[in-house]
Amino acid sequence: NLYTISIYKITKISNMKLLAIITLALAVASTSAISHIKVTCHSVKYSQRMYTSSDCTGEGNMVAGFNPGECTNTPALLSHGNSAKFAWNATTKKFTETYYAEYDCKGTSIVSDPVELDKCDGGILGYKITTATQVVDYHLADEKCDGLSLFYDSGECSDGTKITCSSDDKKFDYQLWEGASCSGDPDILNAKDLETGKCLAIEDISGAGSFSVLSSFAIMAIVMIFM
């Protein structure tokens, strides 16, 4: 699946080659029909972010939201695997990630080096754990809703997309703007109180006639994340 690239497979790949892989993955994704979305909201304590720079400069891409000791599925483009558990050591005050090749913490596992909170762990890709409160797991997908996962903070503006979760994680507002900022009223879509965890057709959310515009925008939003 080109939507998921495991870090342990690319630790020896140059930044330019990594960019080429991402571009290829997005090119394949753009040829598939993005007709549905699926949003899951999670109340968490921390988030994991990856950076295209080794010193964690620039904006990091969230690849997981988690509570220590719990299994978290992480089907994001730059995540270490498809799921992970994060352990917190109160003595060293560091996190250790055990990541798995399969969902639900199954399959081959690899243990990462310990990482301090808010400290950059350098490599080809910078890696940092930060505090968080509520994380959005956002799928742009076909009717099976098993496509690429993007992770945002609830209420965060990301290239003209804002997804805001309810306090109980059961509902969400889905807002899209034509530009990169989220200022003023949404000019593409402003859907309220949608159900989390369900595979929702974009046509049903946006109304007939908006599908082609919205699907093109969604693809471009993914591309913008990695520019």
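This report covers one open sheet and the aromatic pairs of a predicted model.

## Basis

The model is predicted: local features need pLDDT of at least 70, side-chain atom pairs count only at pLDDT 80 or more, and totals for chains, interfaces and linings use all residues. Residues are numbered from 1 along each chain as its sequence is written, and side-chain values use heavy atoms, with hydrogens and water left out.

## Open sheet

Three strands (DSSP runs of E, at least two residues, numbered from the N terminus) form an open sheet in the order S3-S2-S9, with antiparallel pairing. Pairing requires at least two DSSP bridges between two strands. The edges are S3 (61–66) and S9 (126–131); each has a single partner strand, so one side of each lacks a neighbour in the sheet. On average, neighbouring strands are turned by 25° against each other, direction ignored; the axes behind such angles are lines fitted to C-alpha atoms, and angles run from 0 to 180 degrees between N-to-C directions.

Strand S2 (residues 46–51) is joined to S9 by six bridges. Tyr46 has Thr131 in S9 as its bridge partner.

## Aromatic pairs

There are eight aromatic pairs in the structure. Rings of Phe, Tyr and Trp (its six-membered ring) pair if their centres lie within 6.5 Å; planes under 30 degrees apart are stacked, over 60 edge-to-face and the rest tilted. Tyr138 and Tyr174 are edge-to-face, because their ring centres are 5.8 Å apart and their planes at 65°. Tyr138 lies in strand S10 (residues 134–141) and Tyr174 in strand S14 (residues 171–176), 36 residues apart.

Buried means under 20% relative accessible area, exposed over 50%, and partly exposed in between (1.4 Å probe, protein chains only). Tyr138 is buried at 3% relative accessibility, and Tyr174 is buried at 2%.

Tyr46 also belongs to an aromatic cluster with Phe66, Phe86, Trp88 and Phe95.

Note on methods
Helices (H or I, at least four residues) and strands (E, at least two) are DSSP runs, numbered from the N terminus.
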